[in-house]
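Me: I have a model open and would like to go through its strands, helices and odd backbone spots. Could you take my questions one by one?

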Amino acid sequence: MPKVPERKNGYTPEGRKKRILLNAFDMNGIGHVSPGQWQNPEDRTTTKNRLGYWIELAKLLERGKFNALFLADNFGTHDIYKGSHEPAIRSATQWPLYDPFVVVPAMAAVTESLAFGITSCTTFEPPFLLAKRFSTLDHITNGRVAWNVVTSWSDTSARALGLESHPEHDTRYAIAEEYLSLTYKLWEGSWADDAVIKDSSISTYADPAKIRKVEHRGKYFRCVSAHQVDPSPQRTPVIFQAGMTGSAFAAKHAECVFLGGRSATFVGEKVRKTRQLAAASGRDPMKIKFFTQFTAVLGETDDEAQEKYNRHRQYALPEGGLALFGSTASVDLSKFPIDEEFPTDPNHPLLKDRTTPQIERLLNKPSGYDSWTPRLLAEYHAVGGSGNVSVGSAKTVADAMENFILESDIDGFNIGHVVVPQAWEDVVKYLIPELENRGWLGENGQQYPVPGGTARENLYGIKGESRLDPSHPGSQYKFNVYPPEPEERVEYIGIR
C-alpha cells in the first residue's frame, strides 16, 4: 500500500521546493466571486459574452505561464438568501451566466500550453454526452482539458433540470461514482490505442475488432454503445474535484482537489486527510495536487495596492455576497442577526439543524478577524468570494502565499479576482517574477515544463505522461485490461 512520504510542508521528499501551480479562477458570467464590480469602470466582466474577452485572457495567461484557466459553473439562480432570487439578480451575482464549454475552442486556438478546467455536474447530464464532449475538446485542444467534477448543491439546480428536489448527499456521490465508472469505460476501454488504421488498401478507417461496445447497466445509468470518439491525447481529461464535501470521492478519483477555506490550518487538515485516504485506497498520494482559492490585489507598493483595493471596494455589493454564500453553503443568513456574532454552540437554535460542513463555513473566519458577524461575512464575500484575499506589493502577497504553502502543504492556487482581467494582469506583472525569484515555480522558473504538452504532462511536469496514472481507478478500464461487466443486474432506478 502506498504511503504518504515524510517531508516538510511545501517541499518534495528530496528536499526541494515544490513547483507551485497557478490557475486563473473565472466563470463565464457576471459576479463570479466579487459581486458588484460590473459597476466598476476598470472591470470588463460585462464583455464575457463576447469572444474577445476570452481570447485576450487566454493570451495573457499563457504569457504568464499559468497552468490553467479554471472555469466554474452552476445551474439556476441563487435563491436561498431571503428565500428569493431577487437579491442575486439585482446585484448580478453569477447572473447572467453563460456556458463554459463553448469559449474553450477559441482560447485553445490562440494558445499552445495553457490548460482549461471546465466544471460539469454528474447529477443532470447523461454520461455518454459528456464523455463525447470532453473527448472532442481533448482532440481540438491537443489534450489540454480537465474536468472539474461536481455533484451540484442546490434544489434550484435540480428544479432547473427537471427534478423536484436535489438528491441527498450520499445519493449524489453514489450517482457520481457510477457516472465516473461509465465515463472511464467509454474513454479508456472502448477503443484500443491502435484501432484507427486508415488503410485505404482495404477500405478500412478503424478496425472493428479493436473497438468495444460498452454495456453498462447500473442503478442510475444505462449505456450500450461504443464511444463515438477515437482516442484523444489524454483519453480521460485531468480530473479535478472540489473536495470539501467529498473527501473519500476526491481521494479515489481526483488528480487535482480544490479546497475552500480561509485558514491554512483548516485547509492543511483537509490535505492531510485526503492524502491518507488516497494511500489507503492504493493510489500514489503524491499524484494528487491540492489547490485553494486566493485573490491578490497588487500594486507597486503596499500603499498603491491598498488604494486600489479601496477603490474597488466601493463597488462591492454585500447583498450579492450574502446571496452567493447562501447558495454555496445552503444557509439563509437573513435569519441571523446582522451584527451579532455567529453562535458557536452546535445546539443553538440557529445551528442545531445544520450539517457539519455548513457550520464549518459559517464559523471558519478569515485570519485577522477578531469578530465574525453576518455583516462582516457579507462584506468579505463581496470582494473575492469565500477564498483568501491578500492586498499589497508582490513581496507582501508572496509572503502570504508562502506562509499558506508551508502551513497547509498545498500545491497551487486558483487565483481569483476583484476586477477582470486586471487581477491576472497584475499577477503576471508583479507576483509571478517574485514567486520565481523565491524558487516556487520549479526548476525552469517561469516556463511550462512541457511546452505544447497536454494538461496532464504540464500538471506533473513529465513529458509523455498524458494518460491516467496506473494507480488511478480509471486505469482498470483500459482496453487491454477492461474487466468483464458483472453478470448480476442491479435494479435500474435512474435519477429522480
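Me: To begin, how many bridges join strand 3 to strand 4?
Reply: Strand 3 and strand 4 (residues 145–150) run parallel and are joined by 6 bridges. Strands here are DSSP runs of E with at least two residues, helices are runs of H or I with at least four, and both are numbered from the N terminus. Two strands pair if DSSP finds at least two bridges between them. This is a predicted model, in which local features need pLDDT of at least 70 and side-chain atom pairs count only at pLDDT 80 or more, while totals for chains, interfaces and linings use all residues. Residues are numbered from 1 along each chain as its sequence is written, and side-chain values use heavy atoms, with hydrogens and water left out.

Me: Which residue is the bridge partner of Ile118 in strand 4?
Reply: The partner of Ile118 in strand 4 is Trp147. Ile118 is also the bridge partner, in strand 3, of Leu71. Strand 2 and strand 3 run parallel, with 4 bridges between them.

Me: How many residues of strand 3 are buried?
Reply: In strand 3 (residues 115–121), 7 of 7 residues are buried. Buried means under 20% relative accessible area, exposed means over 50%, and partly exposed lies in between, using a 1.4 Å probe and protein chains only. Ala115, Gly117, Thr119 and Cys121 point one way from the strand, while Phe116, Ile118 and Ser120 point the other way.

Me: Cys121 is in that list. How many disulfides does the structure hold?
Reply: The structure holds 0 disulfides, a disulfide being a pair of cysteine sulfur atoms within 2.5 Å. The closest cysteine sulfur to that of Cys121 is in Cys223, 18 Å away, which is too far for a bond. Cys121 is buried, at 5% relative accessibility.

Me: And why is there no bond for Cys256?
Reply: The sulfur of Cys256 is too far for a bond, because the closest cysteine sulfur, in Cys121, is 19 Å away. Cys256 is buried as well, at 0% relative accessibility.

Me: Changing topic to helix 13. Which of its residues are buried?
Reply: The buried residues of helix 13 are Ala394, Val397, Ala398, Met401, Glu402, Phe404, Ile405 and Ser408. They lie on the same side of helix 13, because they cover an arc of only 160 degrees around the axis. That arc is taken from the directions from the helix axis to the C-beta atoms.

Me: What covers them?
Reply: The cover includes strand 1 (21–27), helix 8 (264–280), strand 11 (289–298), strand 12 (388–392), strand 13 (412–415) and helix 14. Contact here means heavy atoms within 4.5 Å. Just after helix 13, Asp409 has a positive phi of about 70 degrees.

Me: Helix 14 came up there. Is Asp426 in that helix buried or exposed?
Reply: Asp426 is buried, at 10% relative accessibility, and it belongs to helix 14 (residues 422–437). Its side chain makes a polar contact of 2.7 Å with the side chain of Lys308. A polar contact is a pair of N or O atoms within 3.5 Å; within protein, one must be able to donate a hydrogen and the other to accept it, and residues adjacent in sequence count only if both atoms are side-chain atoms. Leaving out residues up to four places away in sequence, Asp426 touches Leu298, Lys308 and Leu431.

Me: What about helix 10, how many of its residues are buried?
Reply: In helix 10, 9 of 12 residues are buried. These buried residues pack against helix 2, helix 11 (356–363) and helix 12 (374–381). Ser330 follows helix 10 and has a positive phi, near 55 degrees.

Me: Now the backbone. Where is Pro421, and what joins it to Val420?
Reply: Pro421 lies in the loop between strand 13 and helix 14. A cis peptide bond joins it to Val420, with omega about -5 degrees. The peptide bond from Trp95 to Pro96 is cis too, with omega near -5 degrees, and Pro96 sits in the loop between helix 2 (86–91) and helix 3 (104–109).

Me: Lastly, what is phi for Lys198?
Reply: Phi of Lys198 is near 50 degrees, a positive value in a residue other than glycine. Lys198 is in strand 5 (residues 196–199) and is exposed, at 58% relative accessibility.
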